[in-house]
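Please open the model in your viewer and keep the sequence panel beside it. The stops below are meant to be selected in turn, with a pause at each one to look around.

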Amino acid sequence: MSWHLFAVFFASTFFISATPGPNMLLAFQYGMNYGVKRTLWTLAGLSLGLFILLLSTLLGLDVISRQSPWLLTVIKTVGAIYLIYLGVASWSDSASSSLMSDASELSTEVNKELTATIEMADKPMPRSLSSAAVKAPLSDWLLFRTGMWVSLSNPKAILFFAAFFPKFINFSAPLWPQYIMLTCGLFLSETIWQLIYTIGGKKLAGWLDVGERLAWLNRGCGVIFILIAAALLAEVLNGFLV
C-alpha cells in the first residue's frame, strides 16, 4: 500500500469518525456523566468491540480473496451499492440531526442494559444516566463492558468495513501489512474523536447543533461514501475490461 493511498484512507476515516455514531455518542454521554478518567474504561471497551468487528471482516476478506476471487468482485459491487445507499441516507437524513437528542436516545437504550445489570446486582435502578453517576456509581468493569456492548451491538459496522476497506486494499500484494496499516489508521482516527467527544463533548455539541453544521458534516460523509463507491465500481468495471 502506498503512503498516498493510506493518506486518502486516513483522511476519509478521520472525517467519517467525526460523525456522532453510537460509539461517539456514548463517549460524549459518559464524558459528561462520569468524567474523562472513568470514561477511559468505556473507550477501551468501545475499541475492543470495534477491533473484534474489524478483525472478523478482515479475516473474511482474506479467506475470500484466496479461495473465491470472484466472490470478492461481488463484494466490491454490493459494497459500492451499500456505500451509495449510506451516502444518500447521510445526505437526506441530515436535516433533522441533533447531537443532544441523539445522545438522549442512545442513553435510553444503554439504560436498558444497565437496568438488567443493576437488577442482577440487587441494586436500585437509577432513573437516568446522570442519576446513575450519583446514586449507583458503576464499576470500571461495567463501564468497559457497556462500551464493548454498544460497539458490538452495531453489526452494520461489519457491512461498512466490508464495503469500505476493499477500495484501499491491493489483493495481489501481501495482505496483512496492509491490514495492519489500515487498522492502525482507523483506530487512530476513532481514538482521537472518542477523546474529543469525551473531553469536549459539551462544547462540541453546542457548536455542532448551531445552524446546519451537523447536517453539513453528515452531508460531507455522504459525499465521501458516494465517491468511494464510484471508485469501487470503476475498479470492478476495469477488471472486466482488462
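The tour goes from the whole chain to helix contacts, then to two buried residues, and ends with salt bridges.

**Before selecting anything**

This is a predicted model, in which local features need pLDDT of at least 70 and side-chain atom pairs count only at pLDDT 80 or more, while totals for chains, interfaces and linings use all residues. Residues are numbered from 1 along each chain as its sequence is written, and side-chain values use heavy atoms, with hydrogens and water left out.

**The whole chain**

Colour the chain by secondary structure, and you should find 10 helices and zero strands, where helices (H or I, at least four residues) and strands (E, at least two) are DSSP runs numbered from the N terminus. The order of elements from the N terminus is accordingly α-α-α-α-α-α-α-α-α-α. Of the 242 residues in the chain, 46% are buried; buried means under 20% relative accessible area, exposed over 50%, and partly exposed in between, with a 1.4 Å probe and protein chains only. Among contacts (heavy atoms within 4.5 Å) with a separation of 6 or more, 84% are between residues 24 or more positions apart.

**Helix α3 against helix α8**

Two packed helices are described by the angle between their axes and the distance between the axes. Select α3 together with helix α8, residues 156-164, whose axes come within 9 Å and cross at roughly 50°; axes are lines fitted to C-alpha atoms, for helices over the stretch in contact, and angles run from 0 to 180 degrees between N-to-C directions. That angle makes α3 oblique to α8, since angles under 35 degrees count as roughly parallel, over 145 as roughly antiparallel, 65 to 115 as roughly perpendicular and the rest as oblique. The crossing of α3 and α8 is right-handed, a term used if the near helix is turned clockwise from the far one by less than a right angle, with left-handed used if anticlockwise.

Now show side chains: L50, L53, L54 and T57 of α3 make the contact with A157, I158, F161 and A162 of α8. The residues of this contact divide into seven nonpolar, one polar and no charged, where Ala, Val, Leu, Ile, Met, Phe, Trp, Tyr, Cys and Pro count as nonpolar, Asp, Glu, Lys and Arg as charged, and the others, Gly among them, as polar.

**Helix α1 against helix α10**

Move to helix α1, residues 3-17, and add α10; their axes come within 9 Å and cross at roughly 145°, in a left-handed crossing. On the α1 side, S12, F15 and I16 meet L217, G220, C221, I224, F225 and I228 of α10. By class, the contact of α1 with α10 has seven nonpolar, two polar and no charged residues.

**N23 and E190**

Select N23, which lies in helix α2, residues 22-34, and is buried at a relative accessible area of 12%. Beyond residues up to four places away in sequence, N23 touches L46, V150, S151, E190 and Q194. From there, step to E190 in helix α9, residues 175-208, which is likewise buried, with a relative accessible area of 13%. Leaving aside neighbours within four places in sequence, E190 is in contact with S17, N23, M24 and L50.

**The salt bridges**

Side chains of opposite charge can pair when their charged atoms come close. How many salt bridges does the rule give? The count comes to four, a salt bridge being a side-chain nitrogen of Lys or Arg within 4 Å of a carboxyl oxygen of Asp or Glu.

Begin with D140 and R38, whose side chains meet at 3.1 Å, N to O. D140 lies in helix α7 (residues 140-152) and R38 in helix α3 (residues 36-67), so the pair ties together parts that are 102 residues apart in sequence. D140 is partly exposed at 31% relative accessibility, and R38 is partly exposed at 26%.

Next, centre on R66 and D62, which form a salt bridge at 3.3 Å, N to O. R66 and D62 are four residues apart in helix α3, and are separated by about one helical turn. Here R66 is exposed, at 55% relative accessible area, whereas D62 is buried at 10%.

Finally, select E235 and K76, which meet in a salt bridge at 2.5 Å, N to O. E235 lies in helix α10 (residues 213-241) and K76 in helix α4 (residues 69-92), so the pair ties together parts that are 159 residues apart in sequence. E235 is partly exposed at 27% relative accessibility, while K76 is buried at 13%. Add K167 to the selection to see the network in which salt bridges that share partners join K76, K167 and E235.
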